[in-house]
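The following exercises ask for a reading of chain contacts, symmetry and strand pairing, each with a worked solution. Please look through the sequence and the structure before starting.

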2 protein chains.
Amino acid sequence: MAEQIAIQDRIPDNHCFGCGPDNRQGLQIKSYWTGDDESRCEFTPRPHHCAGPTHYLNGGIIATAIDCHTICTAIADGYRQAGREVGGGEKIWFATGRLDVQYKAPAPIDKPVILEAKIVERSERKTVLHCTLSSGGRLCATADVVAVRVPDKW
Amino acid sequence: MAEQIAIQDRIPDNHCFGCGPDNRQGLQIKSYWTGDDESRCEFTPRPHHCAGPTHYLNGGIIATAIDCHTICTAIADGYRQAGREVGGGEKIWFATGRLDVQYKAPAPIDKPVILEAKIVERSERKTVLHCTLSSGGRLCATADVVAVRVPDKW
């Protein structure tokens, strides 16, 4: 795989807590295409991203990373379907319609987590994705996400 | 309703990003009982909790607040069912099994959001809750959450 620029580093005006490149108090996750319909993100938590016990990653942070990884994949796919580079021409924007996370095992706070998303359905109005989150080779969460196309003025 | 201590301020050893009272970079949400099976939380976002556009609250932060509000309600209910004050005696701990959030409308970043949770089912092993999140009287998200009882050593 050739060196790529992260999807989030091409999306214009993205101030998002989960993935805005300039949101210094945010997670700043980075997503990359790994196939036609597949993308990957590796995220290293910080200590304050913990759950009740300090050795596990917070479930809300897991949901946030999944949300941003899948929505940015949908945005990048929107540009791809339009035959344009991410950020080129008229802005394409998706918002989360549904985020359904199933937690399978706790993820340690001191290891990176790997998110792998796959587009399972796309239409004019929405893109449906499946995502897994694993840590050290162990599946920690799966998720089904509906990304809804929203106007640029959103 | 008499003055209450927040559920999170009674749960011992809670360092959670979403609701740990001492997690300074966290959300520090506070939940209160409003009925036998119902609880309420008012959360005021900070500017960096934004979505892609800076005027909306991030969907991951919405999921995080819902996660913590419902799980802490399940924990408090666990103590109640055991006939004890939250934090009294043997620790009771729940983790998120499933977090299914349906987003209905964007929530402005500059207004508090109100979360209202209701316990819809409880058994030895799990507690099921429904939760709404609204802003300025407008419903922004609904969620169904499965809280799973986990051992104290979790």
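**Exercise 1.** Determine in which sense β3(A) and strand β3 of chain B pair, and over how many bridges.

*Solution.* The model is a predicted one, and the pairing is read from it as follows. Strand β3 of chain B covers residues 93-103, and together with β3(A) this strand makes an antiparallel pair that extends over five bridges. To place the register, take Leu99(A), whose position opposite is filled by Val101(B) of β3(B).

**Exercise 2.** Describe the contact between chain A and chain B by its residues, its buried area and its salt bridges.

*Solution.* Begin with the residues: chain A contributes 35 residues to the contact, and chain B contributes 35 residues as well. Next comes the area, since about 2,700 Å² is buried between chain A and chain B, with carbon and sulfur atoms giving 57% of it. Turning to charged pairs, two salt bridges are found across the interface of chain A and chain B; one of them joins Asp100(A) to Arg98(B), where the closest N and O atoms are 2.5 Å apart. The interface also holds 18 residue pairs in polar contact, counted with both residues at pLDDT 80 or more.

The side of chain A that touches chain B can then be broken down by element: α1 (59-81) and β3 (93-103) of chain A are the elements that give two or more residues to this side. Of these, β3(A) gives the most, with nine residues. By residue class, the side of chain A that touches chain B comprises 14 nonpolar, 17 polar and four charged residues.

**Exercise 3.** Work out what rotation and shift superpose chain A on chain B, and which C-alpha of chain A is nearest the axis.

*Solution.* The superposition needs a rotation of 180° with 0.0 Å of shift along its axis, and the RMSD is 0.0 Å. This is the relation of a two-fold axis. Within chain A, the C-alpha nearest the axis belongs to Asp100(A), at 2.0 Å from it; Asp100(A) is also the salt-bridge partner of Arg98(B). As a last step, compare the two surfaces: 100% of the interface residues of chain A are also interface residues in chain B, so the copies meet through the same surface.

**Exercise 4.** Trace the strand pairing within chain A from β2 to β4 and on to β5.

*Solution.* Strand β2 (residues 38-43) and strand β4 (residues 113-122) of chain A run antiparallel and are joined by six bridges, with Ala117(A) in β4(A) as the bridge partner of Ser39(A). From β4(A) the pairing continues to strand β5 (residues 126-135) of chain A, again in the antiparallel sense, over eight bridges. Ala117(A) has Cys131(A) as its bridge partner in β5(A). Between β4(A) and β5(A) lie three residues, and the two strands form a hairpin.

**Exercise 5.** Find which parts of chain A the salt bridge of Arg122(A) and Asp37(A) ties together.

*Solution.* Over all chains the count comes to 16 salt bridges, and in the one considered here the side chains of Arg122(A) and Asp37(A) meet at 2.7 Å, N to O. Because Arg122(A) belongs to strand β4 of chain A while Asp37(A) sits in the loop between β1 (31-33) and β2 of chain A, the pair ties together parts that are 85 residues apart in sequence.

Methods
Residues numbered from 1 in each chain as written. Chains lettered and ligands numbered in written order. Predicted model: local features only at pLDDT ≥ 70, side-chain atom pairs only at ≥ 80, totals over all residues. Heavy atoms only, no water. Contact = heavy atoms within 4.5 Å. Buried area = accessible area lost by both parts, 1.4 Å probe. Salt bridge = Lys/Arg side-chain N within 4 Å of Asp/Glu carboxyl O. Polar contact = N/O pair within 3.5 Å; in protein donor to acceptor, adjacent residues only side chain to side chain. Helix = DSSP H or I, 4+ residues; strand = E, 2+ residues; numbered from the N terminus. Nonpolar A, V, L, I, M, F, W, Y, C, P; charged D, E, K, R; others polar. Pairing = 2+ DSSP bridges. Least-squares fit on C-alpha atoms with pLDDT ≥ 70 in both.
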